[in-house]
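Work through the exercises below with the sequence and the structure in view. Try each task before reading its solution.

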Amino acid sequence: MTDLLVAEHIKKQYGDYTALNDLSIVVPKGSIFGLLGPNGAGKTTLIRIINQITMPDQGKVYLDGEPLSQKHIINIGYMPEERGLYKSMKVGEQVIYLARLKGLSKEEAGKRSRYWFERLGMMDWWNRKIQELSKGQAQKVQFIVTVLHRPKLLIFDEPFSGFDPINASLIKDEILQLREDGATILFSTHRMESVEQMCDHIALMHKSNKVLDGKLVDIKREFRTNTYEIGIETADDTAESRDRLHADLMNELSGYWEINTARFKTINEYDLKLKVKISENQTPNDLLNYLTGKGLINHFVEVIPTVDDIFIQTVNAN
Ligand SMILES: Nc1ncnc2c1ncn2[C@@H]1O[C@H](COP(=O)(O)OP(=O)(O)OP(=O)(O)O)[C@@H](O)[C@H]1O
């Protein structure tokens, strides 16, 4: 069995409103799967169904090949968007208490809690109450509660919201490490840079439907446009020679390759900056060969679509 979580044809109505419409996802073992979509797309609804907080009206969920049931709750660590900790209970006591509910012995729960508190620099908070912590601090406690019993599936709803950049990066690294250690991770987020850095697979939801799904590298390849960003220095670094070269290139290349004068940054003030979309039967080497005779090339990079671009393009098209 290579897939840990399979959700098939999930449908969920709230009254007349269809929150999920025949939605299916497959999360491979040991992967990080990003659930993306505009506000109200249905991400949290799906996550709640996987956590058996809400029941689907139609469809099935399987964990490790078995139909999802109450016995699997112990195998899933869930960090909800609205964090649920007891406000007046002491932090350390609470983490141990919640770990014991997940089946750990008192000794093991204490050992693992101290390990995580030390690892995340939180030992000073052990005897404080949740209500005395900031939002981000409480969120770190919630993170520990989610991972402590080492469930095979970890689900984070917006794990980075509320964290400063240092803590967001710390949690990102911890999630990557959890994958290294064998966990499978499903998370929803609006932070596209974290998707770029972390996800093996993504599903993009929009208006209760899945509109895009697959391995991130395959999706990026599918959205590539054969466009290259180019910077050329002219021999005598002046505005005149740059303009002359620009006119030359426009004359020689337009109608042949698609050219834009671009706005990215390069090193020199007088660099000529271009974005060139190469026609289908040609290669970047053809373009490079042509440009070599024109000036000193100091920048030549393929324009790879970002997850942000892919998100906006796909949502606007649906
Ligand atoms: N308990 C409920 N009763 C009625 N409608 C609901 C309920 N829960 C969610 N919805 C509706 O279902 C839709 C999907 O909500 P959901 O919370 O799954 O979106 P989301 O993709 O997680 O959005 P966000 O990015 O804003 O968190 C929304 O239109 C919401 O109003």
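**Exercise 1. Find which element gives the largest share of the shell around the ligand.**

Solution. The largest share comes from helix α1, with three residues. Helices (H or I, at least four residues) and strands (E, at least two) are DSSP runs, numbered from the N terminus. The model is a predicted one: local features need pLDDT of at least 70, side-chain atom pairs count only at pLDDT 80 or more, and totals for chains, interfaces and linings use all residues. Residue numbers start from 1 along each chain as its sequence is written.

Next, list the shell. A residue is near a molecule or strand if its C-beta atom, placed from the backbone, lies within 6 Å of it. Around the ligand are Tyr 14, Tyr 17, Ala 19, Gly 37, Asn 39, Gly 40, Ala 41, Gly 42, Lys 43, Thr 44 and Thr 45. The elements that give two or more residues to this shell are β2 (17–28) and α1 (43–50).

Last, sort the shell by class. Ala, Val, Leu, Ile, Met, Phe, Trp, Tyr, Cys and Pro count as nonpolar, Asp, Glu, Lys and Arg as charged, and the others, Gly among them, as polar. The result is four nonpolar, six polar and one charged residues.

**Exercise 2. Describe the open sheet of four strands, and explain why one side of β2 and of β5 is left without a neighbour.**

Solution. Begin with the strand order, which is β2-β1-β4-β5, with antiparallel pairing. Two strands pair if DSSP finds at least two bridges between them. β2 and β5 (66–67) are at the edges and have a single partner strand each, so one side of each lacks a neighbour in the sheet.

Then find the helix on this sheet. α1 packs on it and touches β1, β2 and β4 (58–63), and its direction makes about 120° with that of β1. Here residues are in contact if their C-beta atoms, placed from the backbone, lie within 7 Å. Axes are lines fitted to C-alpha atoms, for helices over the stretch in contact, and angles run from 0 to 180 degrees between N-to-C directions.

Now check the bridges. β1 (residues 3–14) is joined to β2 by eight bridges. Lys 12 has Leu 20 in β2 as its bridge partner, and Asp 3 has Pro 28. Two residues lie between the strands of this hairpin, where Gly 15 takes a positive phi near 65°. Five bridges join β1 to β4, and Val 6 stands opposite Tyr 62 in β4.

**Exercise 3. Give the order of the six strands in the other open sheet, and place its helices.**

Solution. The order is β6-β7-β8-β3-β9-β10, and the pairing is mixed. β6 (76–79) and β10 (209–215) are the edge strands, each pairing on one side only. On average, neighbouring strands of this sheet are turned by 15° against each other, direction ignored.

Inside the sheet, β7 (residues 153–157) and β8 (residues 184–188) run parallel and share five bridges. One pair of bridge partners is Leu 154 and Ile 185 in β8.

For the helices, α4 (residues 135–147) lies across β6 and β7, at about 165° to β6. Helix α7 (residues 216–223) lies across β9 (201–206) and β10, at about 105° to β10.

**Exercise 4. Compare the span of helix α5 with the expected span.**

Solution. The expected span is 1.5 Å times one less than the number of residues. For the 16 residues of α5 (residues 165–180) this gives 22 Å, and the end C-alpha atoms are 22 Å apart, so the two agree. Just after α5, Gly 182 has a positive phi of about 110°.

Methods:
Two residues are in contact if their C-beta atoms, placed from the backbone, lie within 7 Å.
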